[in-house]
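Hi,

Here is the structure I promised to pass on. Have a look at it first, and my notes follow below.

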Amino acid sequence: MVIQEKGLYFCENCKHKQHQCFACGLLGSSNLTAGPEVFQCKEQKCGHFYHPGCVAKILYPDNKAKATCFEQCVAGGLEFSCPVHKCKRCKEAENKHDKEMQFAVCRRCPTVYHRKCLPRDISLIEDEEEATPQRAWDGILPDQILIYCRKHEIQEELGTPKRDHIVFPDVRNPGAAERHRGAPQRHDIPDEDELLDRLASCNPSQSPQPAETGRSRVKPIDSFAPKHLFPRPHPGSCGWLDD
Ligand SMILES: [Zn+2]
Ligand SMILES: [Zn+2]
Ligand SMILES: [Zn+2]
Ligand SMILES: [Zn+2]
Ligand SMILES: [Zn+2]
């Protein structure tokens, strides 16, 4: 649903500054001037929002200390690139000009693989003997494979996971949207000095995305909500496909 406002179209989510975390699916406030709970990926044309804790857990699955550090940095305004821009297996980016390096993207969560890295059980065909359902579809997305990754149980009748529609804010009472228990609250958000200390203590050499956490990424932060963080909303920026 779109709403016309001063000649621009906003979806309900953008209008109410409430967006769904692409990792956990819960709705959170994306209002940068009033204690935001979800933050948008910095990549152009991505549009996915995340709780800092949710994106940190995916980017640093084996390093709790670094995940905590990253979570606090994101909550404090650090720009980040979300997990859909790197292959889950080899951590490399997509190359649309090389068929084997094109992405297979999960429709329900931030999981992507290159064609060549796609696990065998995310199959383009249904295997009735081994009772493995079809989880990958070619020819639906341009130059990409659409998948439902193994986190989502395929419903036999549907041939897809249970429907999981975009969550719209409660229009009568936007504040009533479910709060994410793991989301940092305002008092948890570090001030600038603390933030820089924490960033400095991140060790970039162990990071899968060194450029994201190293000192070179630190920019002066003159307010809690730097404008460059939120160049959007604009129509279609939410990244959600309708079923
Ligand atoms: Zn929107
Ligand atoms: Zn989340
Ligand atoms: Zn992204
Ligand atoms: Zn790969
Ligand atoms: Zn998935």
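How much area does the chain expose, and what share of it do carbon and sulfur atoms supply? The exposed area is about 13,900 Å², and carbon and sulfur atoms supply 49% of that. Please keep in mind that this is a predicted model, so every value here is computed from predicted coordinates.

First, the overall picture. The chain has five helices and ten strands. Of its 243 residues, 44% are buried. If we take the contacts between residues at least 6 apart in sequence, 57% of them join residues at least 24 apart.

Now the metal sites, beginning with the zinc ion (ligand 2). Its protein donors are Cys-21 (SG), Cys-24 (SG), His-51 (ND1) and Cys-54 (SG), at 2.1 to 2.4 Å from the ion. The angles among these four donor atoms run from 97 to 117°, and the site is tetrahedral. Along the sequence, the donor residues follow the spacing C-x2-C-x26-H-x2-C. Cys-24 sits in the loop between strand S3 (18-20) and strand S4 (27-29), while His-51 sits in the loop between strand S6 (49-50) and helix H2 (52-59), so this pair ties together parts that are 27 residues apart in sequence. The two residues are also worth a look for their surroundings: Cys-24 is partly exposed, at 34% relative accessible area, whereas His-51 is buried, at 0%.

The zinc ion (ligand 3) has Cys-41 (SG), Cys-46 (SG), Cys-82 (SG) and His-85 (NE2) as its protein donors, lying 2.1 to 2.3 Å away. This site is tetrahedral too, with angles of 102 to 117° among the four donor atoms. For reference, the ideal angle for four tetrahedral donors is 109.5 degrees. The donor spacing in sequence is C-x4-C-x35-C-x2-H. Cys-41 belongs to the loop between strand S5 (39-40) and S6, and His-85 to the loop between helix H3 (64-75) and strand S7 (103-106), so here the pair ties together parts that are 44 residues apart in sequence. Cys-41 is buried, with a relative accessibility of 1%.

One last residue to look at is Arg-108, in the loop between S7 and strand S8 (112-114). Is Arg-108 buried or exposed? Arg-108 is buried, because its relative accessible area is 10% and the cut-off for buried is under 20%. A polar atom of the Arg-108 side chain lies 2.7 Å from the backbone oxygen of Lys-162.

Best wishes

Key:
Residues are numbered from 1 along each chain as its sequence is written. Chains are lettered from A and ligands numbered from 1 in the order in which they are written. This is a predicted model: local features need pLDDT of at least 70, side-chain atom pairs count only at pLDDT 80 or more; totals for chains, interfaces and linings use all residues. Side-chain values use heavy atoms; hydrogens and water are left out. Donors are N, O and S atoms within 2.8 Å of the metal (3.2 Å for Na, K and Ca); water is not among the atoms, so sites may look incomplete. Four donors count as tetrahedral if all angles lie between 85 and 135 degrees; four count as square planar and six as octahedral if opposite donors are over 155 degrees apart and all others between 65 and 115; anything else is irregular. Helices (H or I, at least four residues) and strands (E, at least two) are DSSP runs, numbered from the N terminus. Buried means under 20% relative accessible area, exposed over 50%, partly exposed in between (1.4 Å probe, protein chains only). Contact means heavy atoms within 4.5 Å. Accessible areas come from the Shrake-Rupley method with a 1.4 Å probe; for residues, only the protein chains shown count as cover. A polar contact is a pair of N or O atoms within 3.5 Å; within protein, one must be able to donate a hydrogen and the other to accept it, and residues adjacent in sequence count only if both atoms are side-chain atoms.
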